[in-house]
Amino acid sequence: MNIAYWIVAGLLALFYFYAGAMKVIRSRDQLRPIMAWVDRMPLPVVRALGTVEMLGATGLILPPLTGIAPSLAPAAAIGFVLLQIGAVAVHLTSEDRRITLNLGLIATTAVTIWLATGL
């Protein structure tokens, strides 16, 4: 189970860290083709969301890796589930109804929570 956690959590951390970095670094015009919802949110909110994603990705990896407060890993994963539930709501209230990625991330993160409880 430990190996499975590191594989799944590592992939999630890479995804969220990359997505968060894009939200922090790129302009609204650069984000628009891949994230249609950015026009509906103020840019500081998009930047804050990116920062939260980067911190959450770190929370999936560092606590179990260092052994310091390993309970933060499932907490970070729970935060990602809540984040994706909010993302689904944002997509469904707009013209962009593409939620397949969000549902996949919810399922993958739920597996990560289950695996993290066995660490």
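Let's start with Asp39. Asp39 forms a salt bridge with Arg32, and the closest N and O atoms are 2.8 Å apart. This is a predicted model, so keep that in mind throughout. Asp39 sits at 44% relative accessibility, so Asp39 counts as partly exposed.

Now take the arginine. Arg32 also pairs with Asp29, again with the closest N and O atoms 2.8 Å apart. That gives a network of salt bridges linking Asp29, Arg32 and Asp39. How open are the other two members? Asp29 is exposed, because its relative accessible area is 54% and the exposed class begins over 50%. Arg32 comes out at 33%, so Arg32 is partly exposed.

How many salt bridges are there by this rule? The count comes to 3. We still need the pair outside the network. Lys23 forms a salt bridge with Glu53, with the closest N and O atoms 2.9 Å apart. This pair links distant parts of the chain. Lys23 is in helix H1, Glu53 is in helix H3, and they are 30 residues apart. Buried or exposed, these two? Both Lys23 and Glu53 are buried.

Next, helix H4, residues 72–92. Start with a geometry check. H4 has 21 residues, and at 1.5 Å a residue it should span 30 Å. The end C-alpha atoms are 30 Å apart, so the model agrees with the expected span.

Which residues of H4 are buried? Here is the list: Ala73, Pro74, Ala76, Ala77, Phe80, Val81, Gln84, Ala87, Val88, Val90 and His91. Look at the numbering on your screen. An α-helix has 3.6 residues a turn, so residues three or four places apart point the same way. And what do the buried residues of H4 pack against? They pack against H1, helix H3 (43–66) and helix H5 (100–116).

Zoom in on His91. His91 belongs to helix H4. Its relative accessible area is 10%, so His91 is buried. Set aside neighbours within four places in sequence. His91 is then in contact with Trp37, Asp96, Arg97, Arg98, Ile99 and Asn102.

On to the nonpolar interior. The largest nonpolar core has 15 residues. Which members touch the most others? Tyr5, Leu12, Tyr16 and Leu60. The elements giving two or more residues to this core are H1, H3, H4 and H5. H1 provides the largest share, with 6 residues.

Leu12 is worth a click. Leaving out neighbours within four places in sequence, Leu12 is in contact with Leu60, Leu105, Thr108, Thr109 and Thr112. Leu60 is another of the residues touching the most other core members.

Apart from that core lies another one, of 7 residues. Its members include Met22, Met35, Trp37 and Val90. Two of these names have come up before. Val90 is among the buried residues of H4. Trp37 is one of the contacts of His91.

Last stop, the surface. Ile3, Ile7, Leu11 and Leu14 make a nonpolar surface patch of about 460 Å². Take Leu11 from that set. Leu11 is found in helix H1, residues 2–25. Why does Leu11 count as exposed? Because its relative accessibility is 56%, and the cut-off for exposed is over 50%.

So, back to helix H1 to close. H1 gives the largest nonpolar core 6 residues. H1 also holds Lys23, which pairs with Glu53 in H3. And H1 carries Leu11, part of the nonpolar surface patch.

Conventions
Residues numbered from 1 in each chain as written. Predicted model: local features only at pLDDT ≥ 70, side-chain atom pairs only at ≥ 80, totals over all residues. Heavy atoms only, no water. Patch = residues over 30% accessible without salt bridge, like charges linked within 9 Å, V, L, I, M, F, W, Y side chains within 5 Å. Areas by Shrake-Rupley, 256 points an atom, 1.4 Å probe, with all protein chains shown as cover. Salt bridge = Lys/Arg side-chain N within 4 Å of Asp/Glu carboxyl O. Helix = DSSP H or I, 4+ residues; strand = E, 2+ residues; numbered from the N terminus. Buried < 20%, exposed > 50% of the residue type's maximum accessible area, 1.4 Å probe, protein only. Expected span 1.5 Å × (residues − 1). Contact = heavy atoms within 4.5 Å. Core = buried A, V, L, I, M, F, W, Y, C linked by side-chain atoms within 4.5 Å.
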